[in-house]
Amino acid sequence: MSGLSVVIPTKDKPESLRATLACLLADRPPSAEIVVVSDGEGPVAVPADAPVRVVEGPRRGRAAARNTGARAAGGTRLLFVDDDILTGPGFLSAHAAHGTGPGFVHGPLMEFPVARRWLAAHGPDPVAAAAVLNGGERLVRNNLEAAALAVAAGTAPARLGWLACVGANLSLSRAAFDQAGGFDEGFGTRWGCEDLELGVRLLAAGHRPTVDRGAPGVHLTHARPDRWEQHDVTHQRFASLHDTADVRALPLLLTGSLAAYFAAAGS
């Protein structure tokens with residue numbers, strides 16, 4: 001099969017998954033397929049008669065789930081989307097337009113602070129989701145996104161291009177994915193860094209990032225009480241694999257400021 005394959009790993013977030021799927025299905029061009037990797041405890045429900053394939057995940061973390069979805073997918077371009085992302089019209093076409101060329105593509109992401117309240121009120125409504133993307137709600141850009149945009153604009157060094165390898169909204173050719181070896185499953189079930197680590201390897205292999213503003217997404221922000229405890233562990237693995245100043249300084253970006261990160265990274 002040619003075309004675009006969307007891979008969505010999901011774990012016990014049925015409400016946000018429904019919203020994500022509703023957006024994608026409203027936008028889906030005929031040549032795109034959607035593969036949902038079920039990595040949670042319960043069954044995954046998809047809309048009746050929807051052209052969505054559900055495959056069982058290995059339950060070894062997001063890296064392994066994404067790799068499982070990639071193996072099950074048939075497209076020549078892979079698009080990884082998380083199960084809590086709102087997208088609008090043209091999202092899939094924007095990613096598909098990059099075809100099988102080199103590089104990797106990131107669609108900008110914004111955080112949605114009142115996402116849980118919005119989701120309870122609107123549920124899987126692609127029209128309401130499009131209104132959010134079009135400025136109908138207050139959205140926030142996090143430091144990682146700001147840094148990725150700075151690299152794209154040329155105001156931060158190109159060697160930091162791996163910061164744009166954000167697995168919630170990321171596409172690349174299957175050839176580039178296979179060349180890099182996919183996501184590192186050694187990150188296990190803890191949160192964070194497995195996507196950025198892939199970005200370092202892609203960059204080293206000559207694949208440059210593109211930030212495509214035609215493929216934005218909104219993250220349905222949610223609480224993760226042990227987020228930073230988990231991230232401490234995954235960051236240690238990341239830094240052990242790539243012991244550079246810019247990787248070591250990553251926590252400064254995520255929990256501090258752009259200026260502090262760029263200074264520590266030697267930018």
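The paragraphs below go through a predicted model, from its overall form to a few chosen residues.

The protein has 267 residues, and for that number a compact globule would have a radius of gyration near 18 Å. The value for this protein is 17 Å, which agrees with a compact globule. Along the principal axes, the C-alpha atoms fill a box of roughly 50 × 40 × 35 Å. The secondary structure consists of 12 helices and 10 strands. Of the 267 residues, 52% are buried. The exposed surface comes to about 11,100 Å², and carbon and sulfur atoms supply 54% of that area. Taking contacts between residues at least 6 apart in sequence, 75% join residues that are at least 24 apart.

One helix shows how buried residues are covered. Helix α5 spans residues 126-136, and its buried residues include Ala128, Ala129, Ala130 and Val132. The cover over the buried residues of α5 includes two helices, α1 (14-27) and α4 (115-122), together with the strands β5 (85-87) and β10 (217-219). At the N-terminal end of α5, Asp125 acts as a cap: one of its side-chain oxygens lies 3.0 Å from the backbone nitrogen of Val127.

Phe112 has a link to this helix. Phe112 is found in the loop between β7 (109-111) and α4. Phe112 counts as buried because its relative accessibility is 0%, and the cut-off for buried is under 20%. Leaving aside residues up to four places away in sequence, Phe112 touches Trp118, Val132, Glu137, Arg138, Leu139, Val218, His219, Leu220 and Thr221. One of these, Val132, is among the buried residues of α5. Ala264 is 152 residues from Phe112 along the chain, and the C-alpha atoms of the two are separated by 29 Å.

Aromatic rings give another view of the interior. A search of the whole structure finds 7 aromatic pairs. One of them joins Phe80 and Phe183 edge-to-face, with 5.2 Å from centre to centre and 90 degrees between the planes. This pair links distant parts of the chain, since its residues are 103 apart: Phe80 belongs to strand β4 (residues 77-81), while Phe183 is in the loop between α7 (174-180) and α8 (194-204). Both Phe80 and Phe183 are buried. Ring pairs also bring in Phe177, giving a cluster of Phe80, Phe177 and Phe183. Phe183 has a further partner in Arg66, which lies over the face of the ring at 5.1 Å from its centre. A similar arrangement involves Phe187, where Arg237 lies over the face at 5.4 Å from the ring centre.

Two loop residues are worth a look for their backbone angles. Asp12 is not a glycine, yet it has a positive phi of about 55 degrees. Asp12 sits in the loop between β1 (4-10) and α1, and α1 is also part of the cover of α5. Asp12 counts as partly exposed because its relative accessibility is 47%. Arg59, also not a glycine, has a positive phi of about 60 degrees. The loop that holds Arg59 runs between β3 (52-56) and α2 (62-72). With a relative accessible area of 37%, Arg59 is partly exposed.

Terms used. Residues are numbered from 1 along each chain as its sequence is written. This is a predicted model: local features need pLDDT of at least 70, side-chain atom pairs count only at pLDDT 80 or more; totals for chains, interfaces and linings use all residues. Side-chain values use heavy atoms; hydrogens and water are left out. Rings of Phe, Tyr and Trp (its six-membered ring) pair if their centres lie within 6.5 Å; planes under 30 degrees apart count as stacked, over 60 as edge-to-face and the rest as tilted. Helices (H or I, at least four residues) and strands (E, at least two) are DSSP runs, numbered from the N terminus. Buried means under 20% relative accessible area, exposed over 50%, partly exposed in between (1.4 Å probe, protein chains only). A charge sits over a ring if NZ of Lys or CZ of Arg is within 6 Å of the ring centre and within 35 degrees of the ring normal. The radius of gyration is taken over C-alpha atoms; the globule rule is 2.2 Å times the number of residues to the power 0.38. Contact means heavy atoms within 4.5 Å. Accessible areas come from the Shrake-Rupley method with a 1.4 Å probe; for residues, only the protein chains shown count as cover. A polar contact is a pair of N or O atoms within 3.5 Å; within protein, one must be able to donate a hydrogen and the other to accept it, and residues adjacent in sequence count only if both atoms are side-chain atoms.
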